[in-house]
Amino acid sequence: FMEIAFSDFTEVELSFIIAKKFPNLSKEDVAAVAKIYTEVNKLAENCALFGSRHVKVTIREILKWLQSVKSSRFKQPLIDEGYLFLSSKIPKAEGKSELQQCFEKVYNTSITLIKPE
């Protein structure tokens, strides 16, 4: 097993990778996912979103998120799964709120969380 580290990808580079790996995603969704990657990593650098300023969202995590919804042709499952997947990696409630705001800003929608009874 060999681990290779890359510097951060630009939105353009990530968009290219996503578009090639998931050709069924619209250009709009590809751009939004790349924007989420950039915005969340900026948040992580500024406020230790994932518990440490050195921990960021990886390309692997983005690809796992997209793999989980690749059969869907609707935007809402993409948003819901992405938020749930990434928020599961955030230890604090404030961080989850910041992630939610990031998704809402990029996708221009609101995320309503239903708490179990």
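The following exercises, each with a worked solution, concern the helices of a predicted model and the way they pack.

Residues are numbered from 1 along each chain as its sequence is written, and side-chain values use heavy atoms, with hydrogens and water left out. Because the model is predicted, local features need pLDDT of at least 70 and side-chain atom pairs count only at pLDDT 80 or more, while totals for chains, interfaces and linings use all residues.

**Exercise 1. Overall make-up**

Determine how many helices and strands the protein has, and what share of its residues is buried.

Solution. Helices (H or I, at least four residues) and strands (E, at least two) are taken as DSSP runs, numbered from the N terminus. On that basis the protein has five helices and zero strands, which gives the pattern α-α-α-α-α when read along the sequence. Of the 117 residues, 34% are buried, where buried stands for under 20% relative accessible area, exposed for over 50% and partly exposed for what lies in between (1.4 Å probe, protein chains only). Among contacts (heavy atoms within 4.5 Å) between residues at least 6 apart in sequence, 54% join residues at least 24 apart.

**Exercise 2. The faces of helix α1**

Find which residues of helix α1 (residues 11-21) are buried, and decide how they are arranged about the axis.

Solution. The buried residues of α1 are Leu-14, Ser-15 and Ile-18. Seen down the axis of α1, these residues fall within an arc of 105 degrees, so they line one face of the helix; the arc is that of the directions from the helix axis to the C-beta atoms. The buried residues of α1 pack against α2 and α3 (59-68), whereas Val-12, Phe-16 and Lys-20, on the other side of α1, are exposed.

**Exercise 3. Packing of α2 and α4 on α5**

Work out how α2 and α4 are each oriented relative to helix α5 (residues 93-107), and classify the residues of each contact.

Solution. Begin with α2, which packs with α5 at an angle of about 150 degrees, their axes being 10 Å apart. Axes are lines fitted to C-alpha atoms, for helices over the stretch in contact, and angles run from 0 to 180 degrees between N-to-C directions. Angles over 145 degrees count as roughly antiparallel, under 35 as roughly parallel, 65 to 115 as roughly perpendicular and the rest as oblique, and α2 and α5 are therefore roughly antiparallel. On the α2 side the contact includes Asp-29, Ala-32, Val-33 and Ile-36, and on the α5 side it includes Glu-98, Leu-99 and Cys-102. The residues of this contact divide into 11 nonpolar, no polar and five charged, with Ala, Val, Leu, Ile, Met, Phe, Trp, Tyr, Cys and Pro counted as nonpolar, Asp, Glu, Lys and Arg as charged, and the others, Gly among them, as polar.

Turn next to helix α4 (residues 75-87), which packs with α5 at an angle of about 155 degrees, with the axes 10 Å apart. That angle makes α4 roughly antiparallel to α5. Residues of α4 including Leu-78, Ile-79 and Tyr-83 meet residues of α5 including Leu-99, Gln-100 and Phe-103. By class, the contact of α4 with α5 has seven nonpolar, three polar and two charged residues.

**Exercise 4. Two single residues**

Establish whether Asn-41 is buried or exposed, and then place Thr-10 relative to α1.

Solution. Asn-41 is found in helix α2 (residues 27-47) and, because its relative accessible area is 5%, counts as buried. Leaving aside its neighbours within four places in sequence, Asn-41 is in contact with Lys-56 and Val-57. Thr-10 lies in the segment before α1 and, at 42% relative accessibility, is partly exposed. The C-alpha atoms of Thr-10 and Tyr-37 are separated by 9.4 Å, although the two residues are 27 apart along the chain.
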